[in-house]
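Work through the exercises below with the model open. Try each task before reading its solution.

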Amino acid sequence: MTATAAPAPVVRAGGSRQFAGTGVLLRFALRRDRVMIPVWVAVNALMVLSMPNTLKGLYATPAERADLLRQVSGNTSLRAMVGPVFDDSLGALTAWRVGMYAAALAAVMSLLVVVRHTRDEEESGRQEMVSSGMVGRRAPLTAALLAAAVANTALALVVTAGLAGQGATGALVFGLGIAGAGMVFATMAAIVAQLTESARLARGLTAAVLGAAFVLRAAGDSASDDGSSVLTWLSPLGWLEELRAFAAERWWVLLLLAVATALQGWAAYELAGRRDVGMSFLPTRPGPAVGRLGTAGALAWRLQRGGVAGWSLGFFLAGVVYGGMTDGAAKLVGDNERAREIFQRMGGQSGLTDAFLAAMVGMLGLIAALYVVSSVLRLSAEETSGRAEPVLAGAVGRLRWAAGHLVIAFGGSVLIMLLAGLGFAVGYGRQVGPVLGACLVQVCAVWVIGGIAVLLYGVLPRGAVAAWGVAGAVLLIGWIGPALNVPQPVLDLSPFGHLPKLPGGAMDWTPVGILLALAATLVAAGLAGLRRRDLTT
């Protein structure tokens, strides 16, 4: 199938008729996202707004902050991870420490919102029904982009208000920069949604562009300590640091974000006007498929192998980067007791190098929880799209069908953590066995999160998306909790809080066994619910 020209006269009429119904669709989109958008905004804003107090505790005096600037300038691995720093004020250090990650989270939020209200709607067939009414051809895309704009505006307002005490001008520039980066990837997702027939592929391709932008910025920042590298300027994430919030702000860089957003939005509208609803410019090729698909497991692998490959490569590269940072991080912390305390809370009471390695391994474990949720919820996507029904109509039972996807979800988490450990071995070059063991220990906590996703899908299929909330809460506790000195009972709400802190700590098999038993129980309960309920459509 190929994209075909739009024959309807309404499309060619121009004017407001092409946008008829945009307001209604926008209200509907915001109502559907009334939980997702506030959660994303709150998590992102909490990460940013908690940083000034954390940095104040770490580097209380101007001399300590000036020394930090000197160390960052000579630490290429740290610059590759978080970028260069341009001033020693708390505001500038906040922009340096979390700006890149805040922009990346805003980009992920934006691409999810846009794809959900464009390609997802077309893939499910709902858009065709909506378009049969008094709805203009460009109204759905406009509503999706406006929903992303509302989310990013809310984030910018919260960040600006929260950081105003560090400098109103810098806070405004920083907030607008984060929102601008989010809108760049919102319009990028709008383009990709016109090119592909699959919402999953649209999300994956846009996320790949985001990953490429991060790599470009990292390569540029490692080569230059002042952000002057051409590679940094080629990345939209690099534009955020080029704004130099709280440090002689460059307002004109905001024009780059605005122009990129406008040009990509224009391209998305042009593409949307040249195809029929449900079609795409890069349609999925019809069969026959290459190779055998004789079992439900083989079909699951065919559907998920691209995701497994992408996560595997990403974790291996992350392990290489974190491994290469290990020595530099130890030198950067030096005698700073507060920084040492944070690393030890994340990584256990051991030597600083072991604590840093344990903290980074734990961070990858938290991210692996996102993989297992994504892979498990592929079952939900197959069911709600109607593709599972013809598979189950044959000689395939529900448990056998689900088992194919769950093997990939749980087995894939082992694979990506193993590759992360190999990446550490390449980047750090020492303690290969202990680091590999530390990575594999994370798997039992990852499986608990996967078990929760299976339980929600099997028992409450319409609420299965709440598994993302569980994974996000665990990520938030593990990432920000130690820096905010959160009480230990709160940290213990996460399964990762019960794992032995390896390498460097003592191995304790009791919590590992308990977590594995809990994961098995959750999976069994979820599969029992799947056997007893009706399929959803």
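The exercises go from the whole chain to single side-chain pairs in this predicted model.

**Exercise 1. Describe the overall make-up of the chain: what is its secondary structure, and how much of it is buried?**

Step 1. Count the elements. The chain has 25 helices and zero strands.
Step 2. Turn to burial. Of its 537 residues, 50% count as buried.
Step 3. Look at the surface. About 22,900 Å² is exposed, and carbon and sulfur atoms supply 66% of that area.
Step 4. Check contact range. Among contacts with a separation of 6 or more, 76% join residues 24 or more positions apart.

**Exercise 2. Find the residues with the most contacts inside the largest nonpolar core.**

Step 1. Size the core. It has 143 residues.
Step 2. Find the main contributor. Helix 7 (residues 90-116) gives the most, with 17 residues.
Step 3. Name the residues. Phe174, Phe424 and Phe496 have the most contacts inside the core.
Step 4. Inspect one of them. Setting aside neighbours within four places in sequence, Phe424 has contacts that include Tyr322, Leu357, Met360, Leu364 and Cys439.

**Exercise 3. Characterise helix 12: how does its reach fit the expected value, and which of its residues are buried?**

Step 1. Take the span. The 25 residues of helix 12 reach 36 Å from first C-alpha to last, close to the 36 Å expected at 1.5 Å a residue.
Step 2. List buried positions. Among them are Ala199, Thr206, Leu210, Arg217 and Asp221.
Step 3. Find a contrast. Leu216 also lies in helix 12. Leu216 counts as partly exposed because its relative accessibility is 30%.
Step 4. Place Leu216 on the surface. With Val230, Leu231 and Leu234, Leu216 forms a nonpolar patch of about 340 Å² accessible area.

**Exercise 4. Which parts of the chain do the salt bridges of Glu121 and Arg533 tie together?**

Step 1. Get the total. The count comes to ten salt bridges.
Step 2. Take Glu121. Its partner is Arg32, with the closest N and O atoms 2.9 Å apart. Glu121 lies in helix 8 and Arg32 in helix 2, so the pair ties together parts 89 residues apart in sequence.
Step 3. Compare burial. Glu121 is buried at 7% relative accessibility, whereas Arg32 is partly exposed at 24%.
Step 4. Take Arg533. Its side chain meets that of Glu383 at 2.8 Å, N to O. Arg533 follows helix 25 and Glu383 sits in helix 19, so parts 150 residues apart are tied together.
Step 5. Check burial again. Arg533 is buried at 12%, and Glu383 is buried at 3%.

Definitions and conventions:
Residues numbered from 1 in each chain as written. Predicted model: local features only at pLDDT ≥ 70, side-chain atom pairs only at ≥ 80, totals over all residues. Heavy atoms only, no water. Core = buried A, V, L, I, M, F, W, Y, C linked by side-chain atoms within 4.5 Å. Buried < 20%, exposed > 50% of the residue type's maximum accessible area, 1.4 Å probe, protein only. Helix = DSSP H or I, 4+ residues; strand = E, 2+ residues; numbered from the N terminus. Contact = heavy atoms within 4.5 Å. Patch = residues over 30% accessible without salt bridge, like charges linked within 9 Å, V, L, I, M, F, W, Y side chains within 5 Å. Areas by Shrake-Rupley, 256 points an atom, 1.4 Å probe, with all protein chains shown as cover. Salt bridge = Lys/Arg side-chain N within 4 Å of Asp/Glu carboxyl O. Expected span 1.5 Å × (residues − 1).
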